[in-house]
Amino acid sequence: MTRLLVDVGSTFTKAALVDDGGGLVARASVPTTVGPGRDVLEGVVSVCRELALQGSVARAGAGAAAARVPDPLDPAQRDRVLVCSSAGGGLRLAVVGYERAVTAEAGHRVGLSAGAKVVHVAAGALTPADVAALRAARPDVVLLVGGTDGGNADVLLHNARRLARSRVGAPVVVAGNAAARAEVASELAATGRRVRLTDNVLPRIGVVEPGPARRAIREVFLEHVIGGKGLSRGPRFGRLVRAATPDAVLAGVEVLADVMGGDVMVVDVGGATTDVYSVLTPQGEDATLRKHVVATLWHARTVEGDLGMRWGAPGVLEAASAEHLDPGVDGAALAGWVARVHEDPATLPTTRTEEELDLELARLAATVAARRHGRPGAPGEAPRPLKDVGLVLGSGGVLRHAPEGGAGRVLGAVLDDHGGGWRPPAAARVGVDTAYLLFAAGLLAEKEPDLARAVAAQIA
């Protein structure tokens, strides 16, 4: 029995068809159908047709092939269809915490690990100006945190009252002081807010518990956000989507690390953002000592919203200059390419020169993103412990479709970056998720872990 795994992205809808053993039967990609009068389900149906037309799906011809591709619109086949989505901009999360160095920072790190783009962080007792800034950030979900369990609850309650009476309409996930949870929920519910209660992200100083908050954020995203972005007519798309794409990818990286039995780092260079994922196993004193007020998250993701290959291309040049990274090509030519692809994000390189310019843009984006991921999260902290990473995996269209040796040059530059304020992996091999299977392994991880491992094994 085949499983259909679909990622509905902002630009492209990608799909993979896998068999009972986790083998890749076929994969396809079509433009995502978004915009006025369009429905993203059109793209989902289209990518299924593309899978059915591929000769590798079935030897008996297109009719038999079509029969083997699950129908995403058939409720009876829903268990065979798993969909994630970042269409409409993905999950925008705001964090409201007690103080920036402790609970707000813990909430921020948990948000990133949940696959969210953290668009705003507020610390301390909210003022009217703070609420206005929060509203201007247009979050999809607000993560309200504050205090260790049994500690001070005054700021948490104050912020709950402010949110309850504000014009911030996003649902609220409450992951703060357990002793105040019922009162916080009562304050928010009194004005009709959509509230989800979960365990404290910082139950004790030095201990970050991201799991319950991650699950709650995912559930709220699926229930309240996917269906509210005007992506599809009716509820069918919302019922199909199981996760935000970054959350699925992080789960896939976790499966891959488990299959490999070692630490993994993934650099995903996209059109709008460059995301870095790491799944680490603490070693030595990291495994026994809590050296930081907010402990390291060993399974983490950082999103660099100013670094991208198309929409984020101008930010790459600005960030590279601030980091004192020199382009490996003619600077004027690179600036001209950046202006061109930013104006028309559908632009693809058609000459060898343009391929080199695109790869240089990817090298700069990947290097800056890796630096930011690896550097200390706060003054006095150590860099993220990435030295034992055994695999640095590239993802993103620019790396999947790079000419021979191109992706290796981009990722090799990351490993050779010894002046960026972080510690690159000491002896990692590099690879590329050429079949784009990380998201598929992540979608399968919860319900079919053995199948997820079989899919991930093809990546490693």
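**Cysteines, overall fold and selected residues**

The sulfur of Cys 48 lies 14 Å from the closest cysteine sulfur, that of Cys 84, which is too far for a bond. The structure is a predicted model. Its protein chain has 460 residues, and its radius of gyration of 22 Å agrees with the value near 23 Å that a compact globule would have. The secondary structure comes to 16 helices and 15 strands.

**Cysteines**

- A disulfide is a covalent bond between the sulfur atoms of two cysteines.
- How many disulfides does a search of the whole structure find? The search finds zero.
- Seen from Cys 84, the closest cysteine sulfur belongs to Cys 48, and the separation of 14 Å is too far for a bond because a disulfide needs the two sulfur atoms within 2.5 Å.
- Cys 48 counts as buried, as its relative accessible area is 9%.
- Cys 84 is also buried, with a relative accessibility of 0%.

**Overall dimensions and surface**

- The C-alpha trace of the protein chain spans about 65 × 55 × 45 Å along its principal axes.
- Buried residues make up 54% of the 460 in the protein chain.
- The protein chain has an accessible surface of about 18,800 Å², and carbon and sulfur atoms account for 50% of that area.
- When contacts between residues at least 6 apart in sequence are taken, 71% of them join residues at least 24 apart.
- The protein chain carries 50 positive and 51 negative charges, and the mean positions of these two sets are 5 Å apart.

**Asp 275 in strand E12**

- Asp 275 belongs to strand E12, which covers residues 274-279.
- Is Asp 275 buried or exposed? Asp 275 is buried, since its relative accessible area is 7%, and the cut-off for buried is under 20%.
- Beyond its neighbours within four places in sequence, Asp 275 is in contact with Val 266, Val 267 and Asp 268, and also with Arg 301, Thr 302, Val 303 and Glu 304.
- The C-alpha atom of Asp 275 is separated by 8.5 Å from that of Gly 305, a residue 30 places away along the chain.

**Ala 136 in helix H4**

- Ala 136 sits in helix H4, which runs over residues 128-136.
- Ala 136 counts as exposed, because its relative accessibility is 58%, and the cut-off for exposed is over 50%.
- Between the C-alpha atoms of Ala 136 and Val 168 the separation is 9.0 Å, with their positions 32 residues apart along the chain.

**Positive phi in two loop residues**

- Most residues other than glycine have a negative phi.
- His 324 has a phi near 60 degrees, which is positive in a residue other than glycine.
- Where is His 324 found? His 324 is in the loop between helix H10 (313-322) and helix H11 (331-343).
- His 324 is exposed, with 70% relative accessible area.
- Tyr 436 likewise has a positive phi, near 55 degrees, and is a residue other than glycine.
- The loop that holds Tyr 436 lies between strand E15 (429-432) and helix H15 (438-445).
- Tyr 436 counts as buried, as its relative accessibility is 11%.

Methods
Residues numbered from 1 in each chain as written. Predicted model: local features only at pLDDT ≥ 70, side-chain atom pairs only at ≥ 80, totals over all residues. Heavy atoms only, no water. Helix = DSSP H or I, 4+ residues; strand = E, 2+ residues; numbered from the N terminus. Rg over C-alpha atoms; globule rule 2.2 N^0.38 Å. Buried < 20%, exposed > 50% of the residue type's maximum accessible area, 1.4 Å probe, protein only. Contact = heavy atoms within 4.5 Å. Areas by Shrake-Rupley, 256 points an atom, 1.4 Å probe, with all protein chains shown as cover. Lys, Arg positive; Asp, Glu negative; His and termini not counted. Charge placed at Lys NZ, Arg CZ, Asp CG, Glu CD.
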